[in-house]
Amino acid sequence: THWKHGGIVGVFGYGGGIVGRYSDMPDRFPGVAHFHTVRLNQPSSKFYSTEKLRAICDLWEKYGSGMTNMHGSTGDMVLLGTTTEHLEPLFYELTHDLKQDLGGSGSNLRTPSCCLGKARCEWSCYDTQAICHSLTMHYQDEIHRPAFPYKFKFKFSGCPNDCVASIARSALSVIGTWRDDIQINQAGVQGYIKGEYKSNGGAHADRDWGAFDIDKEVLALCPTQCMRMKGDELEINDAECTRCMHCINVMPRALKPGKDQGATLLVGAKAPILDGAQFATMIVPFIKVDQSDDFQVDH
Ligand code: HEM
Ligand code: HEM
Ligand code: SF4
Ligand code: SF4
């Protein structure tokens with residue numbers, strides 16, 4: 001079939017969360033005359049219980065096509081294909097029985113998303129889940145009622161590995177970092193050199209790449225060339241380090257982010273059709289992330 005774009009469709013009181021789609025040939029394809037997309041706000045880091053997932057799938061079998069996209073590039077859980085008549089009953093059961101809400105779409109604040117953060121990852125320099133949840137609650141009006149000329153996105157990564165690709169995918173990108181020195185465990189460094197530990201946590205162990213070579217695999221690949229071996233000691237000139245995470249990723253038992261942790265703020269990533277993807281620009285190199293006043297304290 002040929003699809004018709006757009007058309008305002010939604011639930012009472014909300015201006016976002018549902019993306020209207022119609023077939024241009026409803027007579028020939030009555031089954032997909034309407035095929036609206038419903039976005040559900042995912043929990044921080046996408047932790048669900050199987051019970052909740054089953055309930056959402058059952059609800060979508062009842063009111064929609066049963067097809068899902070887990071998860072959309074927006075971060076949301078995306079339910080593909082329903083009709084206008086089904087939207088209000090779906091929304092009622094979703095919010096009242098499942099205690100789940102719609103996400104963002106159109107020119108509103110899109111559903112904020114975050115990496116696993118401190119829940120699973122030792123590198124997280126701030127609590128990504130807490131800030132994602134807190135800002136989602138704080139900006140409920142902006143998420144559900146489009147008031148902007150264009151969409152706006154927050155994304156939160158706990159460290160510069162940027163697992164949610166916030167630097168490419170969000171209007172305001174919050175990336176964990178540290179402003180003191182990388183923590184070095186010299187015995188750990190020796191463990192890698194002697195082959196006692198697998199580099200990259202064993203991620204490349206499926207093939208024999210030969211013995212680990214710290215010069216080739218770490219020092220030479222440091223983008224600012226700020227590392228060197230002085231005898232058996234690894235030295236890092238932290239003033240030159242750009243926090244790229246390479247050395248930490250290769251030798252996680254030897255190196256860790258510093259202890260004075262916070263975040264870097266960047267703005268303006270976008271993907272215009274003609275120019276291609278553009279990364280965000282750094283505006284605040286370091287800010288402490290303080291949970292005590294719902295993340296609103298200015299440092
Ligand atoms: C062989 C078939 C298909 C392929 C290979 C495909 C591939 C993809 C890919 C790679 C994405 C981006 C995923 C992400 O990052 O979230 C995507 C998104 C999407 N697809 Fe498909 N797709 C297929 C069929 C369909 C069909 C049949 C529909 C609807 C009837 C559909 C609707 C969508 C929508 C609405 C999104 C955007 C979801 C969001 O908001 O992020 N796709 N698809
Ligand atoms: C010539 C064909 C199409 C073009 C050039 C096109 C282009 C686009 C663009 C530029 C966006 C906004 C992306 C962004 O900035 O996030 C978008 C969003 C989207 N498109 Fe299309 N599209 C086409 C066809 C379709 C069709 C046929 C469907 C479904 C049947 C579809 C479903 C969607 C959905 C679900 C979104 C997300 C809307 C939202 O985020 O609010 N598109 N499309
Ligand atoms: S972005 Fe960093 S902190 Fe978050 S999951 Fe990835 S590696 Fe861990
Ligand atoms: S984090 Fe990157 S820039 Fe910093 S010392 Fe390690 S490899 Fe070099």
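How many Å separate the centres of domain 1 and domain 3, taken over C-alpha atoms? Hi everyone, let's start there: the answer is 48 Å. Please keep in mind that this is a predicted model.

For orientation, the domain assignment splits the protein into domain 1, residues 3-96, domain 2, residues 113-179 + 260-287, and domain 3, residues 186-240. So much for the overall layout; now the ligand.

Ligand 4 has 13 residues around it, and the closest are Cys222, Cys241, Cys244, Met245 and Cys247. If you sort that shell by class, you get 10 nonpolar residues, 3 polar ones and no charged ones. The space that ligand 4 takes up is the largest cavity.

Next, some backbone geometry that you may want to look at on screen. As a reminder, most residues other than glycine have a negative phi, and most peptide bonds are trans. Here are the exceptions I picked out.

Met70 and His71 are joined by a cis peptide bond, with omega at about -10 degrees. You'll find His71 in the loop between strand 5 (67-69) and strand 6 (77-80).

Then there is Asn200, not a glycine, yet with a positive phi of about 50 degrees. Asn200 is in the loop between helix 6 (186-193) and helix 7 (214-217). Is Asn200 exposed or partly exposed? Partly exposed, because its relative accessibility is 24%.

Finally, Gln225 also has a positive phi without being a glycine, at about 55 degrees. Gln225 sits in the loop between helix 7 and strand 11 (227-230). With a relative accessibility of 54%, Gln225 counts as exposed, because the cut-off is over 50%.

Thanks for listening!

Terms used. Residues numbered from 1 in each chain as written. Chains lettered and ligands numbered in written order. Predicted model: local features only at pLDDT ≥ 70, side-chain atom pairs only at ≥ 80, totals over all residues. Heavy atoms only, no water. Near = heavy atom within 4 Å. 1 Å grid on protein atoms, 1.4 Å probe; cavity = no way out; pocket = protein on both sides within 12 Å on 5 of 7 lines; lining within 4 Å. Sits in = over half its atoms within 2 Å of the grid points. Nonpolar A, V, L, I, M, F, W, Y, C, P; charged D, E, K, R; others polar. Domains from an automatic or database assignment. Helix = DSSP H or I, 4+ residues; strand = E, 2+ residues; numbered from the N terminus. Buried < 20%, exposed > 50% of the residue type's maximum accessible area, 1.4 Å probe, protein only.
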